[in-house]
Amino acid sequence: MIAPTWSVRRVHALDDAQIDALAGVLIDCVDGGASVSFMHPLACDRAVAFWHRVAHGVAAGDRALLVAEDSHGLCGTVQLVLDQPENQPHRADLSKMLVHRRARRRGLGAALLGAAEATARDCGRTLLVLDAVTGGDGARLYERLGWVRVGDIPGYALFPQGGLCSTTVYYRTLDGRFE
Ligand SMILES: CC(C)(COP(=O)(O)OP(=O)(O)OC[C@H]1O[C@@H](n2cnc3c(N)ncnc32)[C@H](O)[C@@H]1OP(=O)(O)O)[C@@H](O)C(=O)NCCC(=O)NCCS
């Protein structure tokens, strides 16, 4: 088996260089047609502003952030939104799973997902929820790794170049309940 060319770690704070690099990953994904909250073209200052907001959430403990790096720098990321209503202390939302196009289809998405699930356990979370473009690259990844498909919401969002896309909601329990 070939050893991975990247490493995944959790970060508790972001410096400006990391924010710029994460903005680059986000812009690359939007350029590639990923429906991840932004329209195309995504300007650098808007992408940087997004990651500054994420950095505030991470510093406040509202989010857990994982990053992946390869020999060229930061190439992937995923978040857990830990800030949930007081009656859902066991839940987190998985958000902004992004792999730069240069690093795709080598197992990094699966590695990020595994690391996010381990981080959720560390944070005492046993129920994870996410949504993904129906039938997209993310949806295939989640289904392959055992996430449970709840259902589709037609016309949920726009693709970055325009045109409505359906989203599929998934959940995963980390303590084996409800599966
Ligand atoms: C979804 C996403 C994170 C997947 O990242 P990835 O690193 O390519 O994921 P993986 O490499 O683990 O798996 C992707 C595919 O590569 C395949 N693969 C994994 N390792 C491989 C290898 N060594 N050789 C060949 N293929 C491989 C997997 O089987 C999978 O195939 P499939 O899509 O046909 O099922 C990535 O496509 C992405 O960032 N997309 C844009 C943003 C986005 O849509 N995010 C999801 C939001 S919900």
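**Arg105, Lys96 and the ligand shell**

Modeller: Let us start at Arg105, which is found in the loop between S4 and helix H3 (108–122); helices (H or I, at least four residues) and strands (E, at least two) are DSSP runs, numbered from the N terminus. This is a predicted model, in which local features need pLDDT of at least 70 and side-chain atom pairs pLDDT 80 or more, while totals for chains, interfaces and linings use all residues. Residues are numbered from 1 along each chain as its sequence is written, and side-chain values use heavy atoms, leaving out hydrogens and water.

Colleague: Why is Arg105 called exposed?

Modeller: The relative accessible area of Arg105 is 79%, and exposed means over 50%, buried under 20% and partly exposed in between, with a 1.4 Å probe and protein chains only; Arg105 therefore counts as exposed. The backbone of Arg105 also has a positive phi of about 60 degrees, although Arg105 is not a glycine.

Colleague: Lys96 is found in strand S4 (residues 91–99), so is Lys96 buried or exposed?

Modeller: Lys96 has 15% relative accessibility and therefore counts as buried. Its phi is near 50 degrees, which is a positive value in a residue other than glycine.

Colleague: What makes the bond from His40 to Pro41 cis?

Modeller: The omega of that peptide bond is near 0 degrees, and Pro41 itself is found in the loop between helix H1 (16–31) and helix H2 (44–59).

Colleague: How many residues surround the ligand, and which are the closest?

Modeller: There are 19 of them, and the closest are Met97, Val99, Arg105, Gly107 and Gly109; a residue is near a molecule if one of its heavy atoms lies within 4 Å of it. S4, H3, strand S5 (127–133) and helix H4 (137–144) each supply at least two residues of this shell, and the largest share, six residues, comes from H4.

Colleague: How do you know that Met97 makes a polar contact with the ligand, and what is the distance?

Modeller: A polar backbone atom of Met97 is 2.7 Å from a nitrogen atom of the ligand, and a pair of N or O atoms within 3.5 Å counts as a polar contact. Oxygen atoms of the ligand take part as well, with one 3.0 Å from a polar backbone atom of Ala110 and one 3.0 Å from a polar side-chain atom of Arg144. Taken alone, the ligand exposes 940 Å², and the protein buries 72% of that, with areas from the Shrake-Rupley method and a 1.4 Å probe.

Methods: Polar contact = N/O pair within 3.5 Å; in protein donor to acceptor, adjacent residues only side chain to side chain.
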